[in-house]
Amino acid sequence: MPLLTPYKMGHLELSHRVVLAPLTRCRSYGNVPQPHATVYYSQRATKGGLLIAEATGVSATAQGWYPETPGIWTQEQVEAWKPIVDAVHRKGAFFFCQIWHVGRVSTNEMQPDGQAPISSTDKQISPDAEFGVVYSKPRRLRTEEIPGIVDDFRRAARNAIEAGFDGVEIHGAHGYLLEQFMKDGTNDRDDEYGGSLENRCRFAVEVIDAVVHEVGADRVGVRLSPFIDFVECADSNPVALGEYMVQQLNRHEGLLYCHMVEPRMTNVVDGSRQIPHGLLPFRQAFNGTFIAAGGYDQEEGNKVVDDHYTDLVAYGRLFLANPDLPRRFELGAPLNEYNRATFITQDPVIGYTDYPFYEDNHV
């Protein structure tokens, strides 16, 4: 079974290719990771497995409308992460911290002193009827402010290593701050951070450069989603954007991995879902480990590894609901159904650490 074959990712010896995708779970009260996260992550840790932590804020301004998300900009947060990381390591797994800044995907209430969220633009996101969110009008970052945000990412990466993480994943996907600069649908700047593709990507490239310089390329991964239009953040030429960013990653010899999200799944005539498989050009161009994400099941994951379309496959909802997902794949066991209503609640147990292991029910 290709998903369960070993893989050497840089200096890390993985025992299988099933990765826990970064999943916002909204259970870090006051932006401080909690003891129940120790249970959650260690449940999903296997010897030689790779876990990517939920998106973790780089500063007080990084917080979005998602309540109770963790941060890693204060010493209190660093200390709170340490026992969580230790628990994962005791199971023999590797653990990366995804660092993010949501930019304009926020409200004044979520920001320090009620200030406006920062972004590449002052264009406001339309209200989200599904989630009942009214986003606040953002403030366009001044050119001279941008190095300070780059430094926030650098400091967060250093803090993550201090907390014991094996590395960091820079969140450059899903309409958050880095993508707000990268994509021409949201970047309407006329300074050196706007206009051309190179200029729009400059901020993201500076963040990557700073983080690599701080912790080393072999401890850095980057997540990108050029095809995804989320929170009104789209690009008119996603292939060119993805190709350019892969070229920038390749500038850093030994950069550990590129983690990309497939285009949205499409529904075919019979109602089944079909993954578009649009990542091959980027996988072929990238020099390091490639991780694909976006609605994979076991069969599809095995196929794309076997076809050398990707090296590793990140699983979100399936891993959320099945803490022993690699083991279930190995046994061909049925999977727990996930409950979408409990994905981002604040309950420390329900929908978080109470999904059963297969062998608990089948002794």
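**Figure 1. Surroundings of I99 in the predicted model.**
In this predicted model, I99 touches residues that lie more than four places away in sequence. Among them are T56, V58 and I72, and also F153, A156 and A157. The list further includes V168, E169, I170 and H171, together with V211.

**Figure 2. The largest nonpolar core.**
This core has 82 residues. Which of them touch the most other members? They are Y41 and I99. Helix α6 contributes nine residues, the most to this core. Another core of 16 residues lies apart from it. Members of that other core include L14, F96, L256 and I291.

**Figure 3. Helix α3 against helix α6.**
Helix α3 covers residues 146-162, and helix α6 covers residues 202-215. Their axes come within 9 Å and cross at roughly 35 degrees. The crossing of α3 past α6 is right-handed. On the α3 side, the contact is made by I146, I149, V150, F153, R154, A157, R158 and I161. On the α6 side, F203, E206, V207, A210, V211, E214 and V215 take part. Sorted by class, the residues in this contact are eleven nonpolar and four charged, with no polar residue. Two residues of this contact, F153 and A157 of α3, are also among those that I99 touches. V211 of α6 belongs to the contact too, and I99 touches V211 as well.

**Figure 4. The loop residue P70.**
P70 sits in the loop that runs between β5 (56-57) and α2 (75-90). Is P70 buried or exposed? P70 counts as buried because its relative accessibility is 0%. In sequence, P70 and T56 are 14 residues apart, while their C-alpha atoms are 5.1 Å apart in space. Leaving out residues up to four places away in sequence, P70 touches S28, N31 and P33. P70 also touches E54, A55, T56 and G57, as well as W81. T56 is one of the residues touched by I99 too.

**Figure 5. Cysteines C26 and C258.**
A disulfide is a covalent bond between the sulfur atoms of two cysteines. How many disulfides does the structure hold? The number is zero. For C26, the nearest cysteine sulfur belongs to C97 and is 15 Å away. C26 counts as buried because its relative accessibility is 0%. For C258, the nearest cysteine sulfur is that of C201, 13 Å away. C258 is buried, with a relative accessible area of 0%.

Definitions and conventions:
Residues numbered from 1 in each chain as written. Predicted model: local features only at pLDDT ≥ 70, side-chain atom pairs only at ≥ 80, totals over all residues. Heavy atoms only, no water. Axes fitted to C-alpha atoms, helices over the stretch in contact; angles between N-to-C directions. Helix = DSSP H or I, 4+ residues; strand = E, 2+ residues; numbered from the N terminus. Left-handed = near helix turned anticlockwise from the far one by under 90°. Contact = heavy atoms within 4.5 Å. Nonpolar A, V, L, I, M, F, W, Y, C, P; charged D, E, K, R; others polar. Core = buried A, V, L, I, M, F, W, Y, C linked by side-chain atoms within 4.5 Å. Buried < 20%, exposed > 50% of the residue type's maximum accessible area, 1.4 Å probe, protein only. Disulfide = S-S within 2.5 Å.
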